[in-house]
Structure formats: structure tokens, C-alpha cells
Amino acid sequence: MQGMSERQYAAHVGLSRGAIQKAKAAERLVLYPDGSINAAASDALRAETTDPSKTRKPPPPKLKPVPEAAVAAVGDTLREQGLAVPAVGGGTTFLQAKTANEVLKAQERRIRLQKLKGELIERARALALVFRLAREERDTWVNWPARAAALMAAELSASCSEATGQQITVEPAAMQKVLEKHVRAHLDELAEVRPDFR
């Protein structure tokens, strides 16, 4: 066999076997004496006799519009890494988008690894822990004047008596009231502090 079969030629030109059979019947193909198809000569003949307006053109690729937020995210990621950022309104190249995607994947893997190692915890868990610790600290300070007032009253009474040479007594209850007043004022100030967890 010298040339191609109908099936081989159909695969060669990207048409169906039925279309090749129609072209053969219309004598638009060059055949060898054994009936096989001369591919080079048939290609040239088909190019001459085929009306370009009747040829199927592949449809243009459908491009989806990229949201501005995605383009901005690519720019932000590249900027964080010190890489070239797309010009405003100039669009993003495929290479820039791919680079930003790879950077984000690497950052995500690093965060996952830090979680697995216990170096990173969930934000809600951290807030709950800080809240619990702050409450314990507050409760300790609220109870402190009752524990410290008697000791401070005794020390003040002793030091005042030594300084003046007279017996001076500081009442523990009065000392406790004064301490509670100052501790509560300080705790009220601390309650105004609102940490920014952004």
C-alpha cells in the first residue's frame, strides 16, 4: 500500500471518515492506483477547492472575566513578597498569578505545619485563654486588700510609733477600705483597655 487509508487520512486532517468518503466521491482527493490516498497531493487539492467560508473554525477560547478582588489579591501577595506588582488597570500576567498562587500555597503549608508543631493556635482559643487569665488576675487583685490590710496596718502602726515616739494604731478595716478603693479604681482603668486582635 502506497498511501493512507480513509481512516488514516481522516485522522491526519481532523475530519470524520464520512467526510473523507464524501470528498473521495466528489473527486476532491488524489488517489494512488491501489485506491489509497496520496496525503500531500490531497491536502493541496483540498486547500484549492475548499471554500474558506464553509470551513469550520475552532471556537475562540472562552475567557472568564477575573474579578478585581482577585487581581488585587495577587498584587497584595506579590507586594508582601517584594516581587513585581501588576500595574493598576494593566492586568495580571499568568506568571504573576501563578507566582502569587504558589506563594499563598507555601504560606498555607507553613501555617498548617506551625499548627501541627503546636506553635500556632486558633484565635478563638487564644481569646478564651486570655479572657480566663485576665479574670483570674482580676479576682486575685479584688481579694488582695483583705489579705494585705492587716499586715500593712501593723507595719504602719509600728513605723509611725517609732517615728513619733507615741503609740499609734492603724485600723486594719480602715486600711482595707482604702486599699479596696484604690485597687478597684485601678481595675476599672484596666477594664477600659480593649486589645486590638486584627
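Author: A residue is buried if its relative accessible area is under 20%, exposed if it is over 50%, and partly exposed in between (1.4 Å probe, protein chains only). Take T49: with 42% relative accessibility, T49 counts as partly exposed. One thing before we go on: this is a predicted model, where local features need pLDDT of at least 70 and side-chain atom pairs count only at pLDDT 80 or more, while totals for chains, interfaces and linings use all residues. Residues are numbered from 1 along each chain as its sequence is written, and side-chain values use heavy atoms, without hydrogens or water.

Reader: Okay, and which helix does T49 lie in?

Author: Helices here are DSSP runs of H or I with at least four residues, strands are runs of E with at least two, and both are numbered from the N terminus. T49 lies in helix α3. Its C-alpha atom is 7.5 Å from that of R28, although the two residues are 21 apart along the chain.

Reader: How many helices and strands are there in the protein chain?

Author: You'll find 7 helices and 0 strands. Read from the N terminus, the order is α-α-α-α-α-α-α. Buried residues make up 16% of the chain's 198 residues. The chain exposes about 15,700 Å², with carbon and sulfur atoms supplying 58% of that (Shrake-Rupley method).

Reader: How do I read one helix, say α1? Which of its residues are buried?

Author: The trick is to look at which way the residues point. In α1, residues 6-13, the buried ones are E6, Y9 and A10. They sit on the same side of α1, because they cover an arc of only 105 degrees around the axis (the arc is taken from the directions from the axis to the C-beta atoms). Over on the other side of α1, R7 and A11 are exposed. Right after α1 comes G14, with a positive phi near 75 degrees.

Reader: What do the buried residues of α1 pack against?

Author: They pack against α2 (17-25) and α3. Contact, by the way, means heavy atoms within 4.5 Å. Y9 shows this nicely: leaving aside neighbours within four places in sequence, its contacts include I20, L29, I37, S42 and R46.

Reader: Which residues make up the largest nonpolar core?

Author: In soluble globular proteins, nonpolar side chains tend to be buried together. A nonpolar core is a set of buried Ala, Val, Leu, Ile, Met, Phe, Trp, Tyr and Cys residues joined through side-chain atoms within 4.5 Å. In this model the largest one has 7 residues: Y9, A10, I20, A23, L29, I37 and A39. Helices α1 and α2 each supply at least two of them.

Reader: What about S42, is it buried or exposed?

Author: S42 is buried, because its relative accessibility is 0%. You'll find S42 in helix α3, residues 39-49. Its side chain reaches the backbone oxygen of N38 at 2.8 Å. Beyond its neighbours within four places in sequence, S42 touches Y9, R28, L29, V30 and I37.

Reader: Now for charges. How many salt bridges does the structure hold?

Author: Look for a side-chain nitrogen of Lys or Arg within 4 Å of a carboxyl oxygen of Asp or Glu. The structure holds 8 such salt bridges. One of them pairs K24 with E6, with their closest N and O atoms 3.1 Å apart. K24 is in α2 and E6 in α1, so this pair ties together parts that are 18 residues apart in sequence. K24 is partly exposed at 28% relative accessibility, while E6 is buried, with a relative accessible area of 16%.

Reader: Where do R79 and D76 lie?

Author: Both are in helix α4 (residues 68-80), 3 residues apart, which is about one turn of the helix. The closest N and O atoms of their salt bridge are 3.0 Å apart. D76 is partly exposed, at 40% relative accessibility.

Reader: Which residue does D139 form a salt bridge with?

Author: D139 pairs with R138, and the closest N and O atoms are 3.0 Å apart. D139 is partly exposed at 33% relative accessibility, and R138 is partly exposed at 40%. Elsewhere, salt bridges with shared partners join E6, R17 and K24 into one network.

How values were computed
Polar contact = N/O pair within 3.5 Å; in protein donor to acceptor, adjacent residues only side chain to side chain. Areas by Shrake-Rupley, 256 points an atom, 1.4 Å probe, with all protein chains shown as cover.
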